[in-house]
Amino acid sequence: MAQPVIHLRQHGSALSCGGAHRSLLDALEAHQVPVEFQCRSGYCGACRLRLLAGEVKYYQEPLAFVGRGEILPCCCLLVDDIELEL
């Protein structure tokens, strides 16, 4: 089975997201993609990103407000390939 891919619209890059990462935030950090964050648990919402395409699932339901089309990468994992706006 192929690993999900993270597409970054502004950078025009595609990053492989293997199963070794605890969260999408961990995967982005592993590829040296700078993302603001504070709590890593879905409490603060500082890591909020715009999800343009694809699907994620939350391993821990966030307590911070998540608007339509937004995700908190600190507490979610990829279901399939995604496209992000940073």
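Visitor: Over how many bridges do β1 and β2 pair?
Guide: The model is predicted: local features need pLDDT of at least 70, side-chain atom pairs count only at pLDDT 80 or more, and totals for chains, interfaces and linings use all residues. Strands (E, at least two residues) and helices (H or I, at least four) are DSSP runs numbered from the N terminus. Two strands pair if DSSP finds at least two bridges between them. β1 and β2 run antiparallel, and their bridges number four.

Visitor: Which residue in the turn of the β1-β2 hairpin has a positive phi?
Guide: Residues are numbered from 1 along each chain as its sequence is written, and side-chain values use heavy atoms, with hydrogens and water left out. Four residues lie between β1 and β2 in the hairpin. In the strands themselves, H7 has A14 of β2 as its bridge partner. In the turn, a positive phi of about 65 degrees belongs to G12.

Visitor: Which strands are the edges of the open sheet?
Guide: Five strands make up this sheet, with mixed pairing, in the order β2-β1-β7-β3-β5. An edge strand here pairs on one side only. That picks out β2 (13-16) and β5 (70-71).

Visitor: Which residue in β7 is the bridge partner of I6?
Guide: β1 pairs with β7 in the parallel sense, over three bridges. I6 of β1 meets, as its partner in β7, I82.

Visitor: Which residue in β7 stands opposite R50?
Guide: β3 (residues 49-53) and β7 (residues 82-85) run antiparallel and are joined by three bridges. Opposite R50 stands E85.

Visitor: Which element gives the most residues to the largest nonpolar core?
Guide: Such a core is a set of buried Ala, Val, Leu, Ile, Met, Phe, Trp, Tyr and Cys residues joined through side-chain atoms within 4.5 Å; buried means under 20% relative accessible area, exposed over 50%, partly exposed in between (1.4 Å probe, protein chains only). This one has 23 residues, and those with the most contacts inside it include I6, L8, L24 and I82. Two or more residues come from each of β1 (5-8), α1 (24-30), β3, β6 and β7. The top contributor, with four residues, is α1.

Visitor: Which residues form the covered face of β1?
Guide: β1 has two faces. V5 and H7 make the uncovered one. The covered face is I6 and L8.

Visitor: How far apart are the C-alpha atoms of V35 and L49?
Guide: V35 sits in the loop between α1 and β3. V35 counts as buried because its relative accessible area is 15%. Along the chain, V35 and L49 are 14 residues apart; their C-alpha atoms are separated by 8.8 Å.

Visitor: How far from C74 is the nearest cysteine sulfur?
Guide: A disulfide is a pair of cysteine sulfur atoms within 2.5 Å. The whole structure holds zero disulfides. C74 is in none; the nearest sulfur, that of C47, lies at 3.7 Å.

Visitor: What is the relative accessibility of C76?
Guide: C76 is in no disulfide, and the nearest cysteine sulfur, that of C75, is 6.3 Å away. C76 counts as buried because its relative accessibility is 0%.

Visitor: Which strand gives the largest share of the lining of the largest pocket?
Guide: On a 1 Å grid over the protein atoms alone, a pocket is an open set of points where a 1.4 Å probe fits, with protein on both sides within 12 Å along at least five of seven lines; lining residues have an atom within 4 Å of a point. Sixteen residues line this pocket, and P4, C17, G18, G19 and L78 are the closest to its centre. Three lining residues come from one strand, β6 (residues 76-78).
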